[in-house]
Amino acid sequence: MTVLKKLMYAFAVNGLIASIAVADKSPQLLSCGGTEPFWSADITQDTISFEMMGEEPHVESIDWTGPAQGRPEDFIKGITAGPYTAILRKQICSDGMSNQEYPWAVVMMGRAEGGVQMVEGCCRRSIFVVE
C-alpha cells in the first residue's frame, strides 16, 4: 500500500461522511448491508442507493443530514433521501454471518407501496483510489 493510499485511508476512517473526491465528484463513502433479509445501500455525499436482494436499486438525493440532538455528529447521524432514512451509529457491528466487524451500525427505513420497511445492518468506509 502506497503512502498516499495509507494517508487517504487514515483520513477516511476518521470522519463519518467526509468529502474525499479522488475519482468522482460524488465518491462512494459508506457501503452498508444486512442479512435476513439481504439488502445493501451505498451512501455518498449526495445520494443513497438502496437495494433489496433480487430487486432493482433505488437511488435518491440526500435531503438532510444531522446528528441526534445533544450528540456529536461522528457518534450518531441521521440521513434522509426521498423515502429513505438511515440512522448511523458509530459502534462495532457484526453482520451475523461472518467474523468481520464493521465500524458503524445502521438502521434503514423506507416507505413503499406496502407500507414502511425497516432493516438493520452494518456499514464500512469505501473510497475510490486512483492508481
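So, which strands each supply at least two residues of the lining of the largest pocket? Hold that thought for a minute while I walk you through the fold. One caveat up front: this is a predicted model.

Okay, the overall layout. We've got one helix and nine strands in the chain. Going along the sequence, the helix comes up and then the strands follow, in the pattern α-β-β-β-β-β-β-β-β-β. There are 131 residues in the chain, and 34% of them are buried. The accessible surface is about 8000 Å², with 53% of that belonging to carbon and sulfur atoms. And if you take contacts between residues at least 6 apart in sequence, 35% of them join residues at least 24 apart.

Now let's go strand by strand, starting at strand 5, residues 64-67. Strand 5 pairs with strand 6 in the antiparallel sense, over four bridges. If you want a pair to click on, Thr65 stands opposite Ile79 in strand 6.

Strand 6 itself covers residues 76-81, and five of its six residues are buried, so the rest of the structure largely encloses it. On to its partnership with strand 7, residues 84-94: these two run antiparallel and are joined by six bridges. Here the pair to look for is Thr80 opposite Thr85 in strand 7. The two strands make a hairpin with two residues between them, and Gly82 in that turn has a positive phi of about 55°. Remember Gly82, please; that glycine comes back later.

Next, strand 7 to strand 8. Again antiparallel, this time with nine bridges. Ser94 stands opposite Glu101 in strand 8. This hairpin has six residues between the strands, and Gly96 takes a positive phi near 80°.

Then strand 8 to strand 9: nine bridges, antiparallel. A two-residue connection makes the hairpin here. Met109 has Met118 in strand 9 as its bridge partner. As a general reminder when you look at any of these, side chains in a regular strand alternate between the two faces of the sheet.

One residue I'd like you to zoom in on is Arg111, which sits in strand 8. Is Arg111 buried or exposed? Exposed: its relative accessible area is 54%, and the cut-off for calling a residue exposed is over 50%. And what is Arg111 in contact with, leaving aside its neighbours within four places in sequence? That would be Gly82, Pro83 and Val116. So here's our glycine again. Gly82 and Arg111 are 29 residues apart along the chain, and their C-alpha atoms are separated by 9.0 Å.

Right, back to the opening question. The general idea is that rolling a probe the size of a water molecule over the atoms shows where empty space is left. In this model the largest pocket comes out at a volume of about 200 Å³. The strands that each give at least two lining residues are strand 3 (47-52), strand 8 (101-112) and strand 9 (115-125). Strand 8 has the largest share, with five residues.

In total, 14 residues line the pocket, and those nearest its centre are Phe50, His58, Tyr84, Ala112 and Gln117. By chemistry, the lining divides into seven nonpolar, three polar and four charged residues.

That's the tour. If you keep one thing on screen, make it strand 8: paired with strand 7, paired with strand 9, and the biggest contributor to the pocket lining. Happy to rotate the view for anyone.

Methods: Residues numbered from 1 in each chain as written. Predicted model: local features only at pLDDT ≥ 70, side-chain atom pairs only at ≥ 80, totals over all residues. Heavy atoms only, no water. 1 Å grid on protein atoms, 1.4 Å probe; cavity = no way out; pocket = protein on both sides within 12 Å on 5 of 7 lines; lining within 4 Å. Points joined across faces, edges and corners; volume = space filled by probe spheres on them. Nonpolar A, V, L, I, M, F, W, Y, C, P; charged D, E, K, R; others polar. Buried < 20%, exposed > 50% of the residue type's maximum accessible area, 1.4 Å probe, protein only. Pairing = 2+ DSSP bridges. Contact = heavy atoms within 4.5 Å. Areas by Shrake-Rupley, 256 points an atom, 1.4 Å probe, with all protein chains shown as cover.
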